[in-house]
Amino acid sequence: MEFELFSRHFQSEEITLADTKEHIIRGGRDRFSEIPKAFEGIKQIGVIGWGSQGPAQAMNLRDSLEGGDIVVKVGLREGSSSAAQARKAGFTEESGTLGEMYAVIGESDLVLLLISDAAQARNCERILAAIQPGATLGLSHGFLLGHMKSVGAEMRKDINVIGVCPKGMGPSVRRLYEQGKETNGAGINASAAIVQDVNDRAADYALGWSVAVGAPVTFQTTLIQEYLSDIYGERGILLGAVHGIVECLYRHYIEGGMSKEDAFLHSAEAVTGPISKTISRHGIKGVYDILDDKGKDEFRASYCAAYGPAMDILLEIYEDVANGNEIRSVIAANHRQERFPIGKIDGTDMWAVGEKVRAARVEEKIPLNAFTAGVYCATMMAQIDVLIEKGHSYSEIANESVIEAVDSLNPYMHYKGVAYMIDNCSMTARLGARRWAPRFDYQLSQQALAPGAPKPDASVFDSFIDHPIHQVLETCGKLRPSVDISVVG
């Protein structure tokens with residue numbers, strides 16, 4: 001069942017995205033006074049876990065509720081190595097803001113479950129049993145619902161279940177919130193969903209949570225739709241596809257006579273730098289529009305060559321997520337970790353070269369390579385078209401396929417490196433990128449860029465030029481944070 005995000009305290013606003021109407025709720029620091037009213041009946045918020053989202057959401061909630069009566073308490077498993085980090089951030093046993101995971105779950109009115117996906121699946125029965133009747137379970141990802149569906153389990157009927165899903169990684173959520181102390185409206189946008197509402201307060205709680213963690217704009221979604229698009233997106237353009245694309249193009253340029261250093265500049269650096277920045281400000285079509293005639297020809301050629309092969313892989317990924325195969329793959333891989341720990345990619349030749357190139361980087365000299373842009377944009381558009389075909393809302397599509405990439409993940413990849421991101425993201429995302437990046441690499445190498453590759457379908461470019469996503473991104477661009485994220489520090 002889908003619930004409307006009707007709140008007593010936060011008024012919705014209608015927006016037009018292509019040929020559809022959606023509703024958003026605006027946040028910002030000037031709305032913080034409404035948060036305690038939205039959280040009426042909540043005395044303690046338990047933030048469970050200290051991974052990517054845990055620290056950011058715990059600190060943001062604490063800061064937003066400062067001076068009030070609501071306690072924000074972090075819950076960690078007994079003996080957790082993260083306890084020292086939580087204490088350093090100001091959550092301590094002495095102050096009553098740090099405790100054992102299940103104890104915190106049992107005593108909290110709002111439980112934000114931010115532990116890893118594998119841990120949620122492994123411990124879901126005990127977690128659900130620990131929640132007090134009438135309390136609210138908050139999720140920032142729909143993985144748990146997907147897992148329960150795949151094993152035939154049901155959610156308890158005597159609790160609220162809500163979702164608030166920031167459209168960026170945890171460090172982005174915290175950093176932009178801190179920037180928002182100086183500039184109202186800085187923050188990471190989020191989507192929110194109501195799965196169960198047992199006391200007619202679920203929407204208030206969800207929107208209070210979203211505004212409190214700093215979302216300037218909250219979009220409505222369902223947690224199943226969010227889960228499908230998020231897991232799919234991680235394996236696609238957010239992580240897996242971008243990894244496969246830059247590896248493929250790096251070799252392609254070397255084979256064409258470039259030095260290794262130039263090949264890295266024209267592949268990885270071009271994607272995470274000027275291509276992403278242009279999409280962020282001017283949309284996907286904006287990349288094509290700024291090219292000269294020769295660049296437009298190169299973009300068109302690589303776009304048409306890459307779109308079909310990318311679509312083939314992306315459709316397979318979506319169906320594997322939807323039918324539960326990807327969930328089962330993640331859980332099985334986690335069981336193998338003790339025997340076969342996941343390795344890193346940063347020791348290969350490409351990433352060793354990349355370290356030297358990035359160390360000597362002159363931002364203004366990074367080329368916006370038209371051929372690279374065509375391959376990247378074609379893959380992004382193929383991901384968008386799969387989500388449209390599968391019935392996702394335009395706001396979800398824009399956020400999960402474009403905005404999260406160019407406004408959150410890619411800036412971190414540009415600062416830290418693609419290899420660093422792949423090696424340090426959540427285990428679910430890391431496993432997905434490892435599984436699918438080689439498929440993108442192979443598919444593009446063999447089906448798009450090889451001399452004997454099939455003749456591309458030129459009609460896909462006409463669809464690109466007239467695609468409704470361009471208007472959607474133009475509207476969503478007006479809702480982007482009021483400042484760019486600062487990744488330094």
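**Entry 1: H14 against H19**

I began with helix H14 (residues 325-335) and helix H19 (residues 427-449), which pack at an angle of about 105° with their axes 10 Å apart. That angle makes H14 roughly perpendicular to H19, because anything from 65 to 115 degrees counts that way. A reminder to myself before going on: this is a predicted model.

Next I listed who touches whom. From H14 I noted Asn325, Glu326, Ser329, Val330, Ala333 and Asn334. Their partners in H19 are Met427, Thr428, Leu431, Gly432, Arg435 and Trp436. I sorted the residues of this contact by class and got five nonpolar, five polar and two charged.

**Entry 2: a glutamine further along H19**

I stayed on helix H19 and looked up glutamine 443, which lies in it. Is glutamine 443 buried or exposed? Its relative accessibility is 11%, so glutamine 443 counts as buried, the cut-off for buried being under 20%.

I then checked what the side chain of glutamine 443 is doing. It is joined to the side chain of aspartate 312 by a polar contact of 2.9 Å. Setting aside neighbours within four places in sequence, I found glutamine 443 in contact with Pro309, Asp312, Ile313 and Ala448.

**Entry 3: another glutamine, this time in a strand**

For a second glutamine I turned to glutamine 44, placed in strand E3 (residues 44-48). Glutamine 44 has 12% relative accessibility and therefore counts as buried. Which residue does its side chain meet in a polar contact of 2.9 Å? I found serine 108, again side chain to side chain.

The wider surroundings of glutamine 44, leaving out neighbours within four places in sequence, are Val71, Lys73, Val104, Glu107, Ser108, Asp109 and Leu110.

**Entry 4: H9 against H17**

Back to helix pairs. I looked up helix H9 (residues 223-235) and helix H17 (residues 394-416), and their axes are 10 Å apart at an angle of about 25°. H9 and H17 are therefore roughly parallel to each other, as angles under 35 degrees are counted. The crossing of the two is right-handed.

On the H9 side, the contact is made by Gln225, Glu226, Ser229 and Asp230. On the H17 side I wrote down Glu396, Glu400 and Glu404. How do the residues of this contact divide by class? My tally for H9 with H17 reads no nonpolar, two polar and five charged.

**Entry 5: H11 against H16**

One more pair: helix H11 (residues 260-282) and helix H16 (residues 370-389). The axes of H11 and H16 come within 10 Å and cross at roughly 65°. H11 passes H16 in a right-handed crossing.

The H11 residues in this contact are His266, Ser267, Ala270, Val271, Ile275, Ser276 and Ile279. H16 brings Thr372, Ala373, Tyr376, Cys377 and Met380. By class I have eight nonpolar, four polar and no charged residues for H11 with H16.

**Entry 6: positive phi outside glycine**

I went looking for backbone oddities and noted two residues. Alanine 18 has a positive phi of about 55°, although it is not a glycine. Where does alanine 18 sit? I found it in the loop between strand E1 (12-17) and strand E2 (20-26). With a relative accessible area of 22%, alanine 18 is partly exposed.

Aspartate 200 also has a positive phi, near 65°, and is a residue other than glycine. This one lies in the loop between strand E9 (190-196) and helix H8 (202-212). At 52% relative accessibility, aspartate 200 counts as exposed, since the cut-off for exposed is over 50%.

**Entry 7: two spacings**

Strand E9 came up above, so I picked a residue from it: isoleucine 194 lies in E9. Isoleucine 194 counts as buried, with 6% relative accessibility. I took its C-alpha spacing to glutamine 120 and noted 19 Å, for two residues 74 apart along the chain.

Last, I looked up alanine 84 in helix H3 (residues 83-88). How accessible is alanine 84? At 48% relative accessibility it counts as partly exposed. From alanine 84 to glutamine 337 the chain runs 253 residues, and their C-alpha atoms are separated by 24 Å.

Methods. Residues numbered from 1 in each chain as written. Predicted model: local features only at pLDDT ≥ 70, side-chain atom pairs only at ≥ 80, totals over all residues. Heavy atoms only, no water. Axes fitted to C-alpha atoms, helices over the stretch in contact; angles between N-to-C directions. Helix = DSSP H or I, 4+ residues; strand = E, 2+ residues; numbered from the N terminus. Parallel < 35°, antiparallel > 145°, perpendicular 65-115°, else oblique. Left-handed = near helix turned anticlockwise from the far one by under 90°. Contact = heavy atoms within 4.5 Å. Nonpolar A, V, L, I, M, F, W, Y, C, P; charged D, E, K, R; others polar. Buried < 20%, exposed > 50% of the residue type's maximum accessible area, 1.4 Å probe, protein only. Polar contact = N/O pair within 3.5 Å; in protein donor to acceptor, adjacent residues only side chain to side chain.
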